[in-house]
Protein chains: 2
Amino acid sequence: MKKYVIGVDLGGTNTVFGVVDKEGNIVADASIKTQKYNTAEDFVKAGVECLKPLIERVGGIDTIQGIGIGAPNGNYYNGTIEFAPNLIWGHDGIVPLAKMFSEGLGGIGVKLTNDANAAAMGEMAYGVAQGMKNFIVITLGTGVGSGIVINGQLVYGCDGFAGELGHVVMVPGEEGRTCGCGRRGCLEAYCSATGMVRTAREMLQNSDEKSLLRDKPADQLEALDINIAANKGDRLALEVYERTGKMLGEACSNFTAFSSPEAYIFFGGVCHAGELIMKPIRESYDKNVMNIFKGKAKFLISGLMDKNAAVLGASALGWEV
Amino acid sequence: MKKYVIGVDLGGTNTVFGVVDKEGNIVADASIKTQKYNTAEDFVKAGVECLKPLIERVGGIDTIQGIGIGAPNGNYYNGTIEFAPNLIWGHDGIVPLAKMFSEGLGGIGVKLTNDANAAAMGEMAYGVAQGMKNFIVITLGTGVGSGIVINGQLVYGCDGFAGELGHVVMVPGEEGRTCGCGRRGCLEAYCSATGMVRTAREMLQNSDEKSLLRDKPADQLEALDINIAANKGDRLALEVYERTGKMLGEACSNFTAFSSPEAYIFFGGVCHAGELIMKPIRESYDKNVMNIFKGKAKFLISGLMDKNAAVLGASALGWEV
């Protein structure tokens with residue numbers, strides 16, 4: 001009997017379910033609206049109803065090895081979502097989501113982790129990290145997340161929350177930007193898509209330089225505008241990528257002192273800029289990393305960004321069950 | 001037949017050999033001068049001659065499970081010492097030390113790692129980290145070293161050199177202190193014993209505050225002087241510990257975002273100051289770490305510092321053979 005796993009990408013807007021085979025093909029998928037439900041119970045009930053026909057299509061529940069869920073604030077050890085600020089049914093408590101899905105589907109094994117860790121699982125199983133034992137995935141989207149693999153294993157730490165590299169402090173002290181985590185100077189406050197917009201706004205305010213970015217009111221500026229302007233050669237927009245990449249390169253040179261990975265894999269919206277962001281990252285890294293590490297780490301862009309990577313990544317957890 | 005391992009602590013001055021039993025007792029030991037030899041061959045020959053009577057004393061080579069060596073710039077994967085700046089027979093090349101000792105002792109298995117990793121192995125086998133799966137040892141001596149354990153395994157990275165937390169950059173840019181690694185602003189430049197002396201000198205120069213540290217010419221000041229003065233209540237010396245601990249706490253709060261360890265274990269000369277250094281570390285950590293990690297990590301001082309920990313730590317590698 002051919003075996004499958006189910007990957008669940010639980011996002012702020014949609015929750016996507018995919019049935020995945022050993023080769024990483026999504027053979028059936030469907031989705032529900034994450035925030036249409038007021039309680040976790042209702043959300044899981046809808047999810048189970050959505051999954052049942054998908055499972056039937058590949059031959060019933062006995063063909064499913066296990067389920068993997070990637071979710072914000074997901075705790076691998078407990079299978080819970082804990083105080084997830086952006087989920088109306090999950091922001092003020094601990095939701096035992098893995099257990100709930102398992103019970104809804106006759107006791108099938110369910111593993112859960114956060115979205116960046118799921119991305120790292122996906123890269124290892126189906127992406128550019130195939131065969132690698134030591135690498136770090138850095139997700140550059142609304143926030144900056146990370147999934148760290150050491151000795152072929154995801155790093156979960158003592159509590160299941162390790163791998164929060166978006167929240168290492170890059171600008172110490174009072175001059176650091178405020179961050180969504182309540183502290184100051186975090187990498188995320190500078191190098192996420194929203195951090196880049198903040199950088200652009202600061203630069204527009206502090207200079208009179210001509211820029212395509214002035215065509216829009218500063219408070220409506222989005223990361224996409226910076227990308228479009230930079231691709232047209234706009235100097236200020238290009239400088240935003242330079243500064244963002246410079247800090248990411250500095251951050252990676254510190255991460256290398258920790259775990260000396262063979263590759264950094266970048267993932268998420270900001271990476272669509274390609275060399276605009278990757279070149280300054282590499283240059284800054286080469287300039288800042290300790291001599292003994294120079295020339296060792298590769299800097300890659302995820303190969304899964306267009307392939308529903310979040311579902312694939314989460315599904316890779318299903319094989320662990 | 002009772003089994004033993006041999007631990008080798010290869011230091012800049014002495015190389016200590018110890019035969020260690022399963023319970024972590026050093027049942028026989030001896031040492032040679034590390035720098036008395038002009039070539040690695042002569043050093044290994046002397047080491048083997050030194051070891052032979054120790055081995056005979058416990059019943060011959062068949063009772064020895066393996067040998068573990070802790071050495072500066074030691075590479076676990078290759079069993080080599082690579083460009084170790086402070087070894088006259090090892091500073092300008094790659095010395096296959098594990099292989100050389102193995103050949104000198106009839107083919108016995110030999111593993112080698114750097115000194116801080118050996119300390120971490122020792123804590124896990126015989127010290128305060130017994131039973132822990134995720135912890136970080138930070139050595140505060142002439143330099144700042146680290147041994148990182150994740151999922152119960154030492155972190156060696158892709159090249160065998162991971163765990164250089166003394167060289168994460170804490171003060172970015174040109175204002176950072178120069179570091180022995182050739183870069184600027186590294187943790188080691190501030191929080192090693194020598195870094196603390198630099199801090200004291202700067203403070204003496206930048207103020208007229210009375211201090212016992214002024215009894216000595218500034219260029220002769222040592223870390224021990226700071227410790228003695230602080231224990232007498234000298235305000236400036238106490239402030240050196242405050243600043244050092246503050247930066248160490250900030251650094252640890254970043255390390256927690258990486259691997260969320262259940263404990264930080266401090267090791268080395270600076271730790272003899274006890275609460276003088278540990279209190280500001282804990283306070284700064286609590287202030288700086290992300291909310292989700294608060295209250296989770298323990299801050300401990302090694303229990304092995306008076307017990308020839310380096311030999312014990314290295315010997316723990318011998319059981320891996």
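Q: How many residues does each chain bring to the contact?
A: In this predicted model, chain A puts in 38 residues and chain B puts in 38 residues.

Q: And how much area is buried between chain A and chain B?
A: Buried area is the accessible area that two parts lose on being put together, summed over both. Here it comes to about 3,100 Å², with carbon and sulfur atoms giving 59%. On chain A's side, look at A:C158, A:F258 and A:M290: they supply 22% of what chain A buries against chain B, more than any other three residues.

Q: What about charges: how many salt bridges are there between chain A and chain B?
A: For a salt bridge, you look for a side-chain nitrogen of Lys or Arg within 4 Å of a carboxyl oxygen of Asp or Glu. The count between the two chains is two. One to click on pairs B:K296 with A:D159, at 2.9 Å from N to O.

Q: How many residue pairs are in polar contact?
A: Between chain A and chain B you'll find 18 such pairs, counting those with both residues at pLDDT 80 or more.

Q: Which element of chain A gives the most to the side that touches chain B?
A: That's helix 7 of chain A, with five residues. Strand 10 (144-150), strand 11 (153-154) and helix 7 (235-259) each supply at least two. By type, that side of chain A splits into 22 nonpolar, eleven polar and five charged residues.

Q: What turn lays chain A on chain B?
A: A turn of 180 degrees, with a shift of 0.0 Å along the axis, does it at an RMSD of 0.0 Å. So the two copies are related as by a two-fold rotation axis. Both use the same surface, too: 100% of chain A's contact residues recur in chain B.

Terms used. Residues are numbered from 1 along each chain as its sequence is written. Chains are lettered from A and ligands numbered from 1 in the order in which they are written. This is a predicted model: local features need pLDDT of at least 70, side-chain atom pairs count only at pLDDT 80 or more; totals for chains, interfaces and linings use all residues. Side-chain values use heavy atoms; hydrogens and water are left out. Contact means heavy atoms within 4.5 Å. Buried area is the accessible area (1.4 Å probe) that two parts lose on being put together, summed over both. A polar contact is a pair of N or O atoms within 3.5 Å; within protein, one must be able to donate a hydrogen and the other to accept it, and residues adjacent in sequence count only if both atoms are side-chain atoms. Helices (H or I, at least four residues) and strands (E, at least two) are DSSP runs, numbered from the N terminus. Ala, Val, Leu, Ile, Met, Phe, Trp, Tyr, Cys and Pro count as nonpolar, Asp, Glu, Lys and Arg as charged, and the others, Gly among them, as polar. Copies are superposed by least squares on the C-alpha atoms of residues with pLDDT of at least 70 in both.
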